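Hi everyone, thanks for coming. I'd like to walk you through a structure that may be new to you, so let's put it up on the screen.

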Amino acid sequence: MSLRHNIKHLARISTLRSYSHSTTHPHRLHPPQPHRPPPQQDPYTLLKEDPIQILSDLWVRSFSHHHHTQNPTPPKPFTNLTGFLSKLDIWVLAYQRTCAHVTGSFPPRNAIHFHVLSDLLSLRNAVIHSQFQWNKKIGEGVYVRSPNEKPVLRNISRRKLEAILSDPTPPFQDRVVQEALLMILEPIFEPRFSSKSHAFRPGRNAHSVIRTIRSNFSGYLWFLKGDLTQFFEDVDTNVVMRFVGNVVKDKKVLRLIKSGLRVRNGIPCGDEHKGEFDKSKKEKKKGSTRKKILNENEPKPDPYWLRIFFDFAPEEAVKVPNYGGCGILSPLLANICLNELDHLMEDKLVEFFRPSRLDSIWKDSVNDGSHNPSWPEFVPASGKEKTRKMDYIRYGGHFLIGIRGPREDAVETRKELIEFCDSNFGIRLDNSRLEIEHVTRGVEFLDHIISRRVIYPTLRYTASGGNIVNQKGVGTLLSVTASLPNCIRQFRRLKFVKGDRDPEPLPCTPMLYSGQAHTNAQMNKFLETMADWYRYADNRKKIVGFCAYVIRSSLAKLYAARYRLKSRAKVYKIASRNLSRPLVESTNNSAPEYSDLLRMGLVDAIEGVQFSHMSSIPSCDYTVFPRNWIPDHERVIHEYINLQNPKFFCELQRSIKKQGLTLPQDEISEIVWDYKTLGVRSYQSSSDKDTRNASKDVVLSTEV
């Protein structure tokens with residue numbers, strides 16, 4: 001046997017040994033990418049419709065079932081959602097939205113390559129044929145990858161493979177599937193949701209909660225504050241699927257959601273390799289912190305001012321539900337389940353209401369009230385008997401119930417809620433998560449304190465005999481103020497201040513290597529956002545002024561340390577009170593001055609720190625909040641549904657024939673003529689013309 005033949009034989013044996021070794025230990029080598037044949041269909045032939053139009057029609061169709069409240073029949077469940085999932089246009093839109101989240105840019109539809117469309121078609125087929133598996137990061141089952149993700153073309157080590165599999169970040173294709181499901185399920189459940197919930201819903205936010213509390217929660221003595229965030233942390237899969245299955249009857253969609261709920265910590269339940277890579281991460285070596293270099297398509301991290309503002313988030317908005325592999329679909333699933341609690345409380349509000357004719361508000365119905373539009377929270381405190389009434393509002397996993405009645409009613413309501421949550425959600429609540437508080441002690445909700453202060457307005461009226469009487473009345477004013485201790489606590493946690501009673505500002509060290517113009521601009525954005533967050537707080541000037549004082553003093557200390565000016569007083573003397581003047585003025589004659597550099601465009605203009613004076617801080621926004629408020633997009637949908645209803649045009653035509661069509665100019669001219677001839681306005685609108693003419697006919701008939 002020749003030497004060349006022996007060498008070939010040994011090489012063949014070593015290759016077989018390495019291959020058998022890799023098959024027995026699959027973690028040693030990266031699993032080969034599956035060779036998927038291209039789809040039989042051409043993706044371009046499947047892109048026929050506009051996905052925005054498809055989803056808009058779905059929104060209109062869902063809201064049209066709930067538009068007429070007089071219809072006693074409940075809306076029919078949706079049985080065929082696979083038809084929407086089979087449309088490639090929706091998957092392309094889901095891919096665009098996912099790319100905008102990952103890369104920070106929304107790719108145009110005509111810029112998506114053919115191979116990406118083919119991968120999306122393969123992903124769609126896998127979802128429709130129930131072949132899709134959540135949390136697949138390598139090997140078979142990976143159909144679509146992120147534009148920033150580099151394909152692995154060579155073998156990787158065991159450590160890198162463990163890092164990939166133990167990474168809590170969900171795969172890119174999971175986010176695409178979540179986006180597609182969210183775009184289809186959200187318009188189906190939105191009209192079914194109660195108007196009492198305001199979190200994780202389009203058009204509703206924390207400001208709508210605060211304004212609703214200011215307008216509708218006046219006159220309540222007892223408040224029941226509940227915490228259901230336990231439902232966000234650990235939830236039973238059967239509970240979620242039971243509530244989702246009441247509306248969605250598509251088995252494929254239900255099976256897909258259920259498989260996503262069963263994923264725990266990035267590893268599917270029942271996976272045979274579950275414990276193989278379940279190892280604790282090694283501690284990073286000290287001094288190994290290196291600056292990360294971003295890729296070309298990788299989005300930049302959030303700016304410093306935005307990260308600070310996120311740290312000021314109230315307790316009710318910190319926890320966001322995250323159920324297994326459902327990701328961004330989890331908040332919608334949480335609202336679907338908690339919607340049962342909302343409808344229970346809506347029925348409870350009607351059942352609890354007992355009006356009293358002796359009370360000055362809520363005489364006839366639940367929504368009836370005699371509020372002054374300029375002071376919607378004014379409620380008289382005196383009276384022989386009070387109307388028993390209750391109101392409810394929920395933001396995420398926290399809800400607030402206002403009760404006008406004895407404390408025993410609040411205790412009874414708490415018992416009912418504990419039993420309901422135990423029987424429907426499978427969570428056991430104690431009294432610490434359902435606290436009963438009196439309004440005089442202050443109720444904290446969404447970083448605002450709801451309290452009541454007594455006022456003595458002067459009531460001026462005409463008594464019998466024509467005598468004008470001035471009498472002092474007694475009333476209560478609902479006060480919604482921002483929590484200053486919470487604000488100080490957050491500043492102290494972010495190392496902006498130290499101390500509790502008399503907080504002392506600290507230098508803003510994270511902005512040490514930034515220029516004065518950039519630093520001031522960052523802090524101005526933070527102050528503008530804080531001023532908008534406390535927009536509906538009674539002490540808006542005080543709380544925003546305190547934030548401006550902390551930021552301004554912190555920057556002054558930072559500039560004093562950077563430019564070696566020793567004290568804040570010297571910084572204010574050079575840069576003025578709002579720190580708008582440059583602190584670096586060149587003294588060398590060979591170098592140009594700052595003003596020359598500014599004129600040449602070589603440096604940025606320095607904007608002063610905002611709200612340096614109390615007069616520049618905006619006041620509280622007391623704009624009246626409508627009692628039956630709905631978001632703008634829902635109002636537009638209702639108007640569109642009315643335009644599609646032929647009965648609406650028949651009623652409109654009948655009203656025009658009955659009353660006649662008049663122009664605003666005609667009414668204005670008649671009003672001016674009446675003022676000139678009679679000195680008074682004889683009627684209010686064109687609809688009152690018939691009543692005025694009828695009254696004239698009655699007068700003439702009596703005279704005759």
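**A walk from the core to the surface**

Let's start at leucine 333, which touches Val240, Val244, Ile257, Leu261, Tyr323 and Cys326, leaving aside residues up to four places away in sequence. Before we go on, please keep in mind that this is a predicted model.

Where does leucine 333 belong in the bigger picture? Leu333 is part of the largest nonpolar core, which has 86 residues, and together with Phe189, Ile257 and Phe425 it touches the most other members. Which helix gives this core its largest share? That is H8, with 11 residues. There is also a second, separate core of 61 residues, and among its members are Ala199, Tyr220, Phe496 and Met530.

Now let's turn to a helix, H6, which covers residues 114-128. How far apart should its ends be? At 1.5 Å a residue, its 15 residues should span 21 Å, and the end C-alpha atoms are indeed 21 Å apart, so the two values agree.

Is H6 mostly covered or mostly open? Mostly covered: 11 of its 15 residues are buried. Those buried residues include Val116, Leu117, Leu120 and Leu121, and also Ser118, Ser122 and Arg124. What do they pack against? Their partners are helix H2 (43-46), helix H4 (82-85), helix H5 (88-103), helix H8 (172-189) and helix H12 (251-261). You may remember H8 as the helix with the largest share of that first core. After H6 comes serine 130, and its phi is positive, near 60 degrees.

Next, a loop. Glycine 473 sits between strand S11 (468-472) and strand S12 (475-482). Is this glycine buried or exposed? Glycine 473 has 10% relative accessibility, and because the cut-off for buried is under 20%, it counts as buried. Its contacts are Ile455, Tyr456, Pro457 and Leu459, again not counting residues up to four places away in sequence. Take proline 457: it lies 16 residues from glycine 473 along the chain, yet their C-alpha atoms are separated by 5.4 Å.

Last stop, the surface. Here Leu643, Phe649, Leu652 and Ile656 form a nonpolar patch, with about 350 Å² of accessible area together. Helix H23 (residues 646-659) supplies the largest share, 3 residues. One residue to look at is phenylalanine 649, which is placed in helix H23. Its relative accessible area is 40%, so phenylalanine 649 is partly exposed.

That's the tour. Thanks for listening!

Notes
Residues are numbered from 1 along each chain as its sequence is written. This is a predicted model: local features need pLDDT of at least 70, side-chain atom pairs count only at pLDDT 80 or more; totals for chains, interfaces and linings use all residues. Side-chain values use heavy atoms; hydrogens and water are left out. Helices (H or I, at least four residues) and strands (E, at least two) are DSSP runs, numbered from the N terminus. The expected span of a helix is 1.5 Å times one less than its number of residues. Buried means under 20% relative accessible area, exposed over 50%, partly exposed in between (1.4 Å probe, protein chains only). Contact means heavy atoms within 4.5 Å. A nonpolar core is a set of buried Ala, Val, Leu, Ile, Met, Phe, Trp, Tyr and Cys residues joined through side-chain atoms within 4.5 Å. Patches are made of residues with over 30% relative accessible area and no salt bridge: like charges are joined within 9 Å, nonpolar side chains (Val, Leu, Ile, Met, Phe, Trp, Tyr) within 5 Å. Accessible areas come from the Shrake-Rupley method with a 1.4 Å probe; for residues, only the protein chains shown count as cover. A salt bridge is a side-chain nitrogen of Lys or Arg within 4 Å of a carboxyl oxygen of Asp or Glu.
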